[in-house]
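The exercises below concern salt bridges, burial and chain contacts. Work through each task with the structure open, then compare with the solution.

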Amino acid sequence: MFVTAAYAQSTTTEGAETHDAAAGEVHTETGVAHEGGHGSGVFPPFDSSTFASQLLWLAISFGLFYLLMSKVVMPRIGSILETRHDTIARDLDDAARSKAEADAAVAAYEQELATAKAKGNAIAATAREAAKSKAAADRTSVETSLNDKISAAEARIADIKAKALADVGSIAEETASAVVEQLIGGKVTKAEIASAVKASAK
Amino acid sequence: MAGDKVDPVHQFVVNKIVPIEIGGIDFSFTNASLFMVATMAVATGFLYFTTSTRSLVPGRMQSVSELSYEFIASMLREGAGSHGMKFFPMVFSLFMFILTANMLGMVPYFFTITSQIIVTFALAIFVIGTVLVYGFYKHGLGFLNVFVPAGVPGILLPLVISIEIISFLSRPISLSVRLFANMLAGHITLKVFAGFVASLGTLGALGIGGAVLPLIMTVALTGLEFLVAFLQAYVFAVLTCMYLNDAVHPGGH
């Protein structure tokens, strides 16, 4: 387009273009391009009479823009980005530190748990040992007392048995003396009866 | 379609608002001057007020400002390395200024300052001038290495050097004409198609039916022009970064 317009500007001569509705867009455009220069007869962007003013105002506005960018806006955006970057880095550090603390706490907890378990086991073992030995002592004491009772009982039984056996002798003597009295009507001495009983008991 | 009714070039005419003349030279405050100042004010105002809260978590508008900052920063770092970052204010200002000027130019009845060859040429000269001044200041005559690509056989050297010099000299022209021509052509095309809509509309029912096509074209072109307005600002900034790279690392091809 640029080439077309420039070409049209340099080649079309005055009056060569007729502004005809049927002339077509290119002709219309170039024709206008030729006439559009408001008096100077130049395609407006190539009108050198405006160059000085445009350069001056471009220098003023772009210079000011450059100053504002480099002194105000860019340091501000840069500081915003840097602050954000720092904040993120700090937060990440905090998170890492918190994680390390949590890990340490977990490790300490597990350590404590292990020692507590060991202590518990030890207490249980000693308790078991104590209970065992106490049970054993109890059993032996019970056993001895039972044995004592048994032997006492046995002694009493033997005693009673002996007594009974002795009684058996005296009963037999009495019976024998009574039987003898009934049968023979005479009195027999106790000594005779006792010897007789003893002899029959043999 | 008569010239007085739809004039696609009229939008580029510079009108005096406040005539000023110093030493016989015309420094009038014109509509072009008005929109240069407006561009400066709009761009500065936007960047200034969207960042005034300095939020740690940015809002939408603050994000726009921060994104453009980081966009240009990464562009310059990729283009000219970390040594090139001293030109960050310059590239950022150029990009924001051109982008804002292009976007303001998209508003109907607004003047497009980047459609003036003298404006784009001045900006291009500013870039190339910076490259030359900084290059010679920093590297002295070593800056001339920029014209001597490494690894070229001695017999080809005169040819290659002359080509490099020509390409260097054509940089301000290509840089300025690219932006100027894109903005100019886009605005003329828009105006021409929009003019078809108006002129066909006067031709009765058939004309109104026929005007639909250029209307669709106008809408589509408007979208395209917004893309071009951004793209040209971007291209200008990218090329500026590339040229600055020559000043920072001459002979570092």
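**Exercise 1. Place Asp103(A) and Lys99(A) in the secondary structure and describe their pairing.**

Step 1. Asp103(A) and Lys99(A) both belong to helix H3 of chain A, 4 residues apart, about one turn of the helix. Helices (H or I, at least four residues) and strands (E, at least two) are DSSP runs, numbered from the N terminus.

Step 2. The model is predicted: local features need pLDDT of at least 70 and side-chain atom pairs count only at pLDDT 80 or more, while totals for chains, interfaces and linings use all residues. Residues are numbered from 1 along each chain as its sequence is written, chains are lettered from A and ligands numbered from 1 in the order in which they are written, and side-chain values use heavy atoms, with hydrogens and water left out.

Step 3. A salt bridge joins the side chains of Asp103(A) and Lys99(A) at 3.4 Å, N to O. The term requires a side-chain nitrogen of Lys or Arg within 4 Å of a carboxyl oxygen of Asp or Glu. Side chains of opposite charge can pair when their charged atoms come close.

Step 4. Asp103(A) is partly exposed at 44% relative accessibility, and Lys99(A) is exposed at 54%. Buried means under 20% relative accessible area, exposed over 50%, partly exposed in between (1.4 Å probe, protein chains only).

**Exercise 2. Describe the salt bridge between Lys134(A) and Asp138(A).**

Step 1. The closest N and O atoms of Lys134(A) and Asp138(A) are 3.9 Å apart.

Step 2. Both residues lie in helix H3 of chain A, 4 residues apart.

Step 3. Lys134(A) is exposed, with a relative accessible area of 54%, whereas Asp138(A) is partly exposed at 38%.

**Exercise 3. Which parts of chain B does the pair Asp26(B) and Lys16(B) tie together?**

Step 1. The side chains of Asp26(B) and Lys16(B) form a salt bridge of 3.3 Å, N to O.

Step 2. Asp26(B) lies in strand E3 and Lys16(B) in strand E1 (residues 16-18), so the pair ties together parts that are 10 residues apart in sequence.

Step 3. Lys16(B) is exposed, with a relative accessible area of 53%.

**Exercise 4. Characterise the contact between chain B and chain A.**

Step 1. Chain B gives 61 residues to the contact and chain A gives 44; contact means heavy atoms within 4.5 Å.

Step 2. About 4,800 Å² is buried between the two chains, 78% of it on carbon and sulfur atoms. Buried area is the accessible area (1.4 Å probe) that two parts lose on being put together, summed over both.

Step 3. Between the chains there is 1 salt bridge. Its side chains are those of Glu66(B) and Arg84(A), at 2.8 Å, N to O. Over all chains the count comes to 6 salt bridges.

**Exercise 5. Is Ser53(A) buried or exposed, and which residues does Ser53(A) contact?**

Step 1. Ser53(A) is found in helix H3 (residues 51-184) of chain A.

Step 2. Ser53(A) is buried, with a relative accessible area of 1%.

Step 3. Leaving aside neighbours within four places in sequence, Ser53(A) contacts Asp26(B), Phe27(B), Ser28(B), Thr30(B) and Ser33(B).

**Exercise 6. Describe the surroundings of Ala32(B).**

Step 1. Ala32(B), in helix H1 of chain B, is buried at 0% relative accessible area.

Step 2. Not counting residues up to four places away in sequence, Ala32(B) touches Gln54(A), Val14(B), Phe111(B) and Ile113(B).

Step 3. Ala32(B) and Ile17(B) are 15 residues apart in sequence and 9.5 Å apart in space, C-alpha to C-alpha.
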